[in-house]
Amino acid sequence: MKLEEIKKLLSAKVLCGECMLDKDVEHFYASDLMSDILATVKEPGILITAMVQPQVVRTTQMLDLIGIIFVNGKVPPEETLSLARSNEILIMTTKHSMFETCGKIYLALNKCERDR
Amino acid sequence: MREIDRDFYSLLKLPVTLIMNANMPKVLPDRKVFQVREILKINQLDGVAITNEDGRLVGIVTMYDLLKAIEENKRDASVEDIMTRDVVTLSPSHTLADAIEYFRVYGYGRFPVVDRDKVFLGMVTPLDIVIRLPSLKEEREEIKEEGEKAKVIRLEFSVEGGDFINGGEASSKIKRYLQNLGLSKDIIKRVAVASYEMEMNIVIHAYRGKLIVEISSDKIMIKAIDEGPGIEDIEKAIQPGYSTASPKVRELGFGAGMGLPNIISCSDEFDIKSTVGVGTEVTSIIYIK
């Protein structure tokens, strides 16, 4: 699923890494616990989280994830954004909750699967 | 190779973002020529990036361009009318060696560093390289390479307890270093996760510590040695879900009791020693072959 579609699906605002919107993503991970993310991520993809501190970007970077979706309309502080910029990681923020965000993406991914 | 040569060549592999000047004044395209000249004078700069409201690079202007414009009675013109629009840029993935090559090939006096969205991150001039090289050397002190004969590369970083802003910086450097060595993605990820968990353990639990990585031909050893309260019950500490982290640390998404189990699952060999009131030493070995 293209990140551009995800952006539309979630009415999300892209805060950095706009040029990556044409990328295809199949794997999504949702968690606020850094160690759980470090333990579970196997494939490159997108992290969905409500945590906005710079450590989220560090965690993302260690795992070669390509971007982060912040839920509940959260906007990360400048330290987080600048770390994301210099590591070329996409950041978007959506007003939807974690539950709604995951639900929407899950349904859309299943639909993609069926359409194939 | 002589000591100094090896040191110099390893410096060249560092990313250009470490030498760029990231504290450049922000200059919008509608600023007047005379204003920009003042900005450059005050900041003792010879050139500056022109960026729009969202920080994207639209051009650069040099002191020479500005003085020439003033001579031509264009002191009240907008700087966008005289700036260079077609700018050669560097990206954060470029190394110091790339930057030097750019200066040699293009012969320009400065290169802006921009991300993939053209957002301006900083400026590199030959002077930045000369001035910042000594401080990079200090940084390089952390990255001590030893024993080429024994073919062991040793990287060492100090980590401050409680420093959540810079926590993870050492692991980033380690990861980048391994990528430059061309190791497989799987190995790099295991080392990155283990070293990051170890580094964050020092940040979360200890007063201060060291993160050491030794890369040899068949394995990578990561060692975290800290001065801290130590661990009372190691058996418990390595159980998934067990944690002694404070609520404040948990609010940051850490302290879920998965740190040590994560390190263990990334490691081929694992060891932990701890003395209450003194500190903890964690060792992880990952085989390359």
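**Close-up 1. Polar contacts between chain A and chain B in the predicted model.** Between chain A and chain B, 19 residue pairs are in polar contact, counting pairs in which both residues have pLDDT 80 or more. On the side of chain A that touches chain B, the elements that contribute two or more residues are α2 (34-40), α3 (54-62) and α4 (78-86) of chain A. Sorted by class, that side of chain A holds eleven nonpolar, seven polar and eleven charged residues.

**Close-up 2. Extent of the interface between chain A and chain B.** In the model, 29 residues of chain A are in contact with 32 residues of chain B. The size of an interface is often given as the accessible area lost when the parts come together. For chain A and chain B the buried area is about 2,600 Å², and carbon and sulfur atoms give 51% of that area. Within chain A, the residues that lose the most area to chain B are Gln55(A), Met62(A) and Glu88(A), which together account for 25% of what the chain A side buries.

**Close-up 3. Salt bridge of Glu88(A) with Arg116(B).** Across the interface of chain A and chain B, four salt bridges are found by the rule. In this view Glu88(A) forms a salt bridge with Arg116(B), and the closest N and O atoms of the two residues are 3.3 Å apart. Glu88(A) is also among the residues of chain A that lose the most area to chain B.

**Close-up 4. Side-chain polar contacts of Arg154(B) in strand β5 of chain B.** Arg154(B) lies in strand β5 of chain B, which spans residues 153-160. The side chain of Arg154(B) makes a polar contact of 2.8 Å with the side chain of Glu156(B), and a polar contact of 3.0 Å joins the side chain of Arg154(B) to that of Glu214(B).

**Close-up 5. Cys102(A) and Cys112(A), shown in a structure with zero disulfides.** A search of the whole structure, over all chains, finds zero disulfides. For Cys102(A), the closest cysteine sulfur is that of Cys112(A), and because the two sulfur atoms are 16 Å apart, they are too far from each other for a bond, the cut-off for a disulfide being 2.5 Å. Taken from the other residue, the closest cysteine sulfur to that of Cys112(A) is in Cys102(A), again at 16 Å and too far for a bond. Cys102(A) is partly exposed, with a relative accessible area of 25%, and Cys112(A) likewise counts as partly exposed, at 27% relative accessibility.

Note on methods. Residues numbered from 1 in each chain as written. Chains lettered and ligands numbered in written order. Predicted model: local features only at pLDDT ≥ 70, side-chain atom pairs only at ≥ 80, totals over all residues. Heavy atoms only, no water. Buried < 20%, exposed > 50% of the residue type's maximum accessible area, 1.4 Å probe, protein only. Contact = heavy atoms within 4.5 Å. Buried area = accessible area lost by both parts, 1.4 Å probe. Salt bridge = Lys/Arg side-chain N within 4 Å of Asp/Glu carboxyl O. Polar contact = N/O pair within 3.5 Å; in protein donor to acceptor, adjacent residues only side chain to side chain. Helix = DSSP H or I, 4+ residues; strand = E, 2+ residues; numbered from the N terminus. Nonpolar A, V, L, I, M, F, W, Y, C, P; charged D, E, K, R; others polar.
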